[in-house]
Amino acid sequence: MEILNAVYFGNPLKNYLLCILSILFGVLLGKILRYIIKNYIKAIVTKTKTKLDDIFLYAIDEPLIILAVLSGIWAGFNFLKLPENISILINEGIVVAVTLCVMLFLIRFVDDFILEYVAPLTEKTESKLDDQLIPPLRKFMKILIIVFGSVVILDNLGYDVTTLLAGLGIGGLAVALASKDTVENLIAGILIIVDKPFTIGDWIKVSDYEGIVEEIGIRSTRIRTFGDSLITIPNASLSTNIIENFSVMRKRRVLATIGLTYGTPADKIKKAEEILKDILKNHPAVVEPIRIHFVEYGNWSLNLRVEYFIKNLGFDYYLNALNEINLKIKEEFEKEGIEMAFPTYTVYLEKDNQ
């Protein structure tokens, strides 16, 4: 017993033994917790219908074990009388470690919660725009937790957090002013996601640019032109320009002028109108309204204005329908002897009698 009461560096030997035992107990407690979680709690959690408990268990698994070990270390050093500077250093180290454990738990829990609950909600929507918010949202939440945890650590270490936050505020304002365009594009990207003027795969026209939307990002949108080049347009520009979305058309308008020769008699003009109406009304791709009128005496032709609409079932469908209709018009006009005009001029020569 005298040996246990022997003092070394200001502490009896039994206190050193209690410190070591306390640390070992913390390590043992951590191993016991891991065993219980792995073999019992995890089996119970996997049988439940909700995934929230799975997320919570995965997030708290390692942090809880580390906290058990830290509690043993903290309790162990409480048995010793240490110099004030060393005691403060140990306490601050434990506070930092505990805060890091909490940060690890929050990062894991929030990240998995977004993947399990928020991401499936975006997959159910028709638009793919909101799907693209998930990766930056996950990064933002991680950064937010790290920043908040860092502030807590600095506050516990004795730093003036108020001054630091004020400095960060001024610095953040400077960064925001310097990155004004980036912020504008970010806000515009969010507005596009909310407003949904187009989706990936839509055929749109913005200013002088036209093509298929290939990618919609937070900062910019990429459009594949019909010449196969890739155009990147900042979202801020998209939000201030008129966007024409061809993919949402219910039908495609066709407006054409068919010119007949000036030698065509009136009854043949009427016959031409009847042929056109009959072809368009009987074609499965054509929908109302159908308008056919003799509208003009042109420079070299009698002009029929032909207007109709084709079902919007894709661009190839539109082109095939046009091809069939135009060929049918040509065939029927030839059967009836109706001639289409082309640019011609009649020149009259006056002979001088003298």
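Asp228 is found in the loop that runs between strand S5, residues 220–225, and strand S6, residues 230–234, and since everything described here belongs to a predicted model, its geometry should be read as that of a prediction. The phi angle of Asp228 is positive, at about 75°, although this residue is not a glycine. That deserves a second look because most residues other than glycine have a negative phi. Asp228 is also exposed, with a relative accessible area of 55%, a value that earns this word because exposed means over 50%.

A second residue invites the same kind of reading. Ser207 sits in the loop between strand S3, which covers 203–206, and strand S4, which covers 209–216, and its phi is near 55°, again a positive value in a residue other than glycine. Is Ser207 buried, partly exposed or exposed? With a relative accessible area of 43%, Ser207 counts as partly exposed, because that class lies between the limits of 20% and 50%.

From these loops we can turn to the strands, beginning with S10, which spans residues 302–311 and is mostly covered, as 8 of its 10 residues are buried. Which strands pair with S10? One of them is strand S8, residues 251–260, which pairs with S10 in the antiparallel sense over 10 bridges, and within this pairing Ile258 has Leu304 of S10 as its bridge partner. Another is strand S9, residues 286–297, which also pairs with S10 in the antiparallel sense, here over 8 bridges, with Val287 standing opposite Phe309 in S10. The chain passes from S9 to S10 through a hairpin of 4 residues. When you follow such strands by eye, it helps to remember that in a regular strand the side chains alternate between the two faces of the sheet.

Strand S9 holds a further detail, for Pro289 lies within it, and the peptide bond that joins Glu288 and Pro289 is cis, with omega about 0°. This is worth noticing because most peptide bonds are trans.

Finally, the surface carries a patch of positive charge, in which Lys31, Arg34, Lys38 and Lys42 gather. One of these residues, Lys38, lies in helix H2, which runs over residues 13–46. Lys38 is exposed, with a relative accessible area of 61%, and it can therefore be part of such a patch as far as accessibility is concerned, because patches are made of residues with over 30% relative accessible area.

Note on methods: Residues numbered from 1 in each chain as written. Predicted model: local features only at pLDDT ≥ 70, side-chain atom pairs only at ≥ 80, totals over all residues. Heavy atoms only, no water. Buried < 20%, exposed > 50% of the residue type's maximum accessible area, 1.4 Å probe, protein only. Helix = DSSP H or I, 4+ residues; strand = E, 2+ residues; numbered from the N terminus. Pairing = 2+ DSSP bridges. Patch = residues over 30% accessible without salt bridge, like charges linked within 9 Å, V, L, I, M, F, W, Y side chains within 5 Å. Areas by Shrake-Rupley, 256 points an atom, 1.4 Å probe, with all protein chains shown as cover. Salt bridge = Lys/Arg side-chain N within 4 Å of Asp/Glu carboxyl O. Lys, Arg positive; Asp, Glu negative; His and termini not counted. Charge placed at Lys NZ, Arg CZ, Asp CG, Glu CD.
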